[in-house]
Each structure stands twice: as structure tokens, then as C-alpha cells.
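Student: I've got a model open and I'd like to learn how to read it. Can you walk me through it, one feature at a time?

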Amino acid sequence: MENRKKVAFYTLGCKLNFSETSTIARSFNDEGFDRVDFEDVADIYVINTCSVTENADKQFKQVVKKAMKLNEKAFVAAVGCYAQLKPEELAAVDGVDLVLGATEKFKITDYIHDLSKNDMGEVHSCEIAEADFYVGSYSIGDRTRAFLKVQDGCDYKCTYCTIPLARGISRSDALENVLKNAKEISAQNIREIVLTGVNIGDYGKGEFGNKKHEHTFLDLVQALDKVEGIERLRISSIEPNLLKNETIEFVSKSRTFVPHFHIPLQSGSNDILKLMKRRYLREVYIDRVNKIREVMPHACIGVDVIVGFPGETDEHFLETYHFLNDLDISYLHVFTYSERDNTEAAEMEGVVPSNVRAKRSKMLRGLSVKKRRAFYESQLGTNRTVLFESENKEGYIQGFTENYVKVKTPWNPELVNTLQEINLTKIDEDGSVRLEFLNKLMEV
């Protein structure tokens, strides 16, 4: 038996990156590599990078260091968004041998026939305009849910964002290919699929390599709802201007789509939204939330918000704070603005001092805790379905209801990857919710 080479992966950033790492991992498998954990000694370490936050840059260096500690002779490859934006910078990091940009990352196995260490990382990255073809992917790791990529790239020009520079133009997977991937996932006893992309509401653009919209996001949602064997479908982040009433109404009556929406807001001030070049004003956002509440009162609504954007005065921030406080939402993802090279915002006046950014971020995180608590309290006494995860956390098993309430109950291995009918009873001191099984056989 020949000695098979071992490969390990580390993913920084978003769900989309996780789905792409899984696809890249399967290509290594096809080439005869064995996948091992990143904590194990491997011949190759592949790091899928992110460029969205400042932290991701620092994390990359730490991850490389960790790989080198495990095996100083290992071959280290960097792929992903940061690799496309700053390939030379990554190549100069001690230990990095190969840097692949947006179009090359899915062909990584073509580049690694020689695994000898390089003095300086070798760079293969395209002009981002060449990233105009689509590579479908999905992730299977945690067996209870999978991330299915349906779209890539973005045509929006938000002034703070490097994603169009890192991932290219908006393009979509062919509908039949998405359905084929969804069937493959459901055949592996996975109960939940999360749809992911850079701008998934733009789905359908570029499906056949042109700019025409052959299908819409609503077409995609309706087609996926009919796939046999899938029990739950969840929409990840979707722009408020692309989340149409028809989609919200369809989800409310759907067989598989769950009542959970994550809708980026970024600011509750119209002045700041205009500076950000977002494609809506706060009135549109209120409209989306009201529509969801009208047809799905129990839905979970998550919000992305950025604090400390250039020009954000105390008044603008308080406008955002009060806007969110008054809005019937369930939780916030708070991002502290950080300057990014080659973006319009990096050149803007009115830079907010970092201590002020930190204070605003803390205030909104506190608001998020309050919002989540109020949402969980509103769900107590209701009957829900929970999908249990596979980890034993200090003697408890955790899971999420269809409307994204985090629950826990004493560990029972028979519950792993099962859907159970439950009643939500009380909030625990750690913030998760305790439950009673409606099917008494499951009581431990």
C-alpha cells in the first residue's frame, strides 16, 4: 500500500468559504489524499482566507504558525478572498508556499505536484475580471446541516466592501445543478441545508454565463421546496431590496423553508446608507420586517449592522440605535468598521476614532442580547421542532428550532441528527432554552 499524503484545511470567514473548502477537500480526495484534522500532522495545509474583517488578516498568520509547528516541512497553500486581494502580502508570510486567487483555488490539485518548500510563496492570481465562471460547491462537515452555494460574486458597489474585488461579478449556479447538489446532500442523511452565496437574492444572474436572469431567487426557492428528502431549508443573508414579498409569502407556506431571515441593514441612518451606497433606505427595511411579521409572527429576524463608518456622528449612531431598538427583530451581528484598501470609504472624511467605534459596538452588542432574550421569551410555551446537533457540551445536547431558538437538554446520543417535536419551557442561565419533548419516549 503506497503511503498516501495527508491534507488538512482551515477556513476563515463566512459560510460560503466553508462550502468551498468542502468542495476543494473533495478534489484532494479524488487525487488520493487523506483528509485529517487541522490539529494533526499533515503534508499539506490549505487555508481558505477572508478579507472582511481586520482580524482575519491577523488570524491568517496565526494559522500558518500553527501549521508550521505541527510540521515544519509541510506545504502551506492560501486560497480565498484575502489571497485574491493581497497575494504578495500572503506569499511573504513565513511558511506560505502557494497563493491561489479567485479562479485558481478550485484547481489547487493541479499546482501541488511538487511539495517541496519554497523560499517565497508562489502566486497564481488572476485579474478579478477573469473570475466570471461559476464553480458550484457545498459543505458537509457537521452532519446535521450543510451549506449549499448557489451564487458567487457581487455587482453592488458598497463603499466599504472588498468582496467584488475579491470574488468578481455576480454569477449563479444553474438551477438544475443546485437541485442536483441538494439531492446529493439529502441522500447523505443531512436534515438541513443552508443556502449561501455573496448576494443570494441576485440569484439567476449569469446562470448561463451571460447577464440575463433566466431564473429568479423565487424560482430557486420554489424548486428546492419540491426536492424529496430535504427536511429543512434555511436562507442565509439576503439584501432587503432583493427579499421580495412573494418570497416571504412563499416561505410562510413552504414545506421545507424555515421562518428565519438574516437581512443586512448596516445603518439605521439614511445619510449613512447613502454614503455606503446601499441600494435601499431604512423605510424599505421597516417594510421587510413588517411583511415578515405579518405572515410569520414567530419568525426569527437577524440583522447585520456596521458601527463607526466614516461620517457617522453621535446623532447618526443614536438614530441607528433607536431604529433597531424600536424594530421587531431577534438579534444583531455587529461589525466594527475597519478600513480596507482600494475602497471608497477608506478615502472618506469624518474618520471615527477607534475608541468611539468600540463603544458603539459594545452598545449594539448589549442591545442584541436584550433583543434575543425578548425573542426567546416570546417563544416560551410554544411547540416547535428542533434539530439536534452532534456535540456533547458538558453533558448537554444542543439544537436549533426552525425559528432559530437555541435549545439544550441532557445528553442523549439517540437524539443526534434527529428532528423532535418539543415545547419550549424556560430560559436557562446560559441563555439557551430548556424544553419538554412532546413525544414522551424521548425523555431521558
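Tutor: Sure. Let's fix one term to begin with: two residues are in contact when they have heavy atoms within 4.5 Å. Also keep in mind that this is a predicted model.

Student: Okay, let's try that on one residue. Which residues is Asp 225 in contact with, leaving aside its neighbours within four places in sequence?

Tutor: Leu 233, Phe 250, Ser 254, Arg 255, Thr 256 and Phe 257. Take Thr 256: it lies 31 residues from Asp 225 in sequence, with the two C-alpha atoms 5.8 Å apart.

Student: And where is the place of Asp 225 in the secondary structure?

Tutor: In the loop that links helix H7 (217–224) to strand S12 (232–235).

Student: Is Asp 225 buried or exposed?

Tutor: The cut-off you need is that buried means under 20% relative accessible area. Asp 225 has 10%, so it counts as buried.

Student: Let's zoom out. How many helices and strands are there in the chain?

Tutor: The chain has 12 helices and 20 strands. Its radius of gyration is 22 Å, close to the 22 Å from the globule rule for 444 residues, so the chain is as compact as a globular protein of that length. Along the principal axes, the C-alpha atoms fill a box of roughly 60 × 60 × 45 Å.

Student: What share of the 444 residues count as buried?

Tutor: 56% of them. As for the surface, the chain exposes about 19,800 Å², and carbon and sulfur atoms supply 49% of that.

Student: What about contacts across the sequence, and the charges?

Tutor: If you take contacts between residues at least 6 apart in sequence, 72% of them join residues at least 24 apart. For the charges, there are 59 positive and 69 negative, and their mean positions are 4 Å apart.

Student: Now helices. How do I read one?

Tutor: Start with the general idea: an α-helix has 3.6 residues a turn, so residues three or four places apart point the same way. Then check the length. Helix H1 (residues 15–30) has 16 residues, which at 1.5 Å a residue should span 22 Å; the end C-alpha atoms are 23 Å apart, which agrees.

Student: Which residues of H1 are buried?

Tutor: Quite a list: Leu 16, Asn 17, Ser 19, Glu 20, Thr 21, Ser 22, Thr 23, Ile 24, Ala 25, Ser 27 and Phe 28. Just after H1, have a look at Gly 32, where phi is positive at about 90 degrees.

Student: Can we do the length check on H10 too?

Tutor: Yes. H10 (residues 282–295) has 14 residues and reaches 21 Å from first C-alpha to last, close to the 20 Å expected at 1.5 Å a residue. The buried residues of H10 are Arg 282, Tyr 285, Arg 288, Val 289, Lys 291, Ile 292 and Arg 293.

Student: What covers the buried residues of H10?

Tutor: The cover includes helices H8 (245–253), H9 (270–276) and H11 (314–326), along with strands S13 (260–266) and S14 (300–307).

Student: You mentioned a positive phi. Which way does phi usually go?

Tutor: Most residues other than glycine have a negative phi. Here, Lys 277 has a positive value, near 60 degrees. Its place is in the loop between H9 and H10, and at 41% relative accessibility Lys 277 counts as partly exposed.

Student: What is phi of Glu 394 near?

Tutor: Near 50 degrees, again a positive value in a residue other than glycine. Glu 394 is found in the loop between strand S16 (383–393) and strand S17 (396–401), and it counts as exposed at 78% relative accessibility.

Student: Let me practise on another loop. Is Ser 338 buried or exposed?

Tutor: Buried, with a relative accessible area of 11%. Ser 338 belongs to the loop between strand S15 (331–336) and helix H12 (354–379).

Student: And inside H12, is Val 369 buried or exposed?

Tutor: Val 369, which is in helix H12, is exposed, with a relative accessible area of 58%.

Student: One strand residue to finish: where is Pro 410 found?

Tutor: In strand S18 (residues 406–410). Pro 410 is partly exposed at 34%, and its C-alpha atom is separated by 12 Å from that of Phe 437, 27 residues apart along the chain.

Key:
Residues numbered from 1 in each chain as written. Predicted model: local features only at pLDDT ≥ 70, side-chain atom pairs only at ≥ 80, totals over all residues. Heavy atoms only, no water. Helix = DSSP H or I, 4+ residues; strand = E, 2+ residues; numbered from the N terminus. Rg over C-alpha atoms; globule rule 2.2 N^0.38 Å. Buried < 20%, exposed > 50% of the residue type's maximum accessible area, 1.4 Å probe, protein only. Areas by Shrake-Rupley, 256 points an atom, 1.4 Å probe, with all protein chains shown as cover. Lys, Arg positive; Asp, Glu negative; His and termini not counted. Charge placed at Lys NZ, Arg CZ, Asp CG, Glu CD. Expected span 1.5 Å × (residues − 1).
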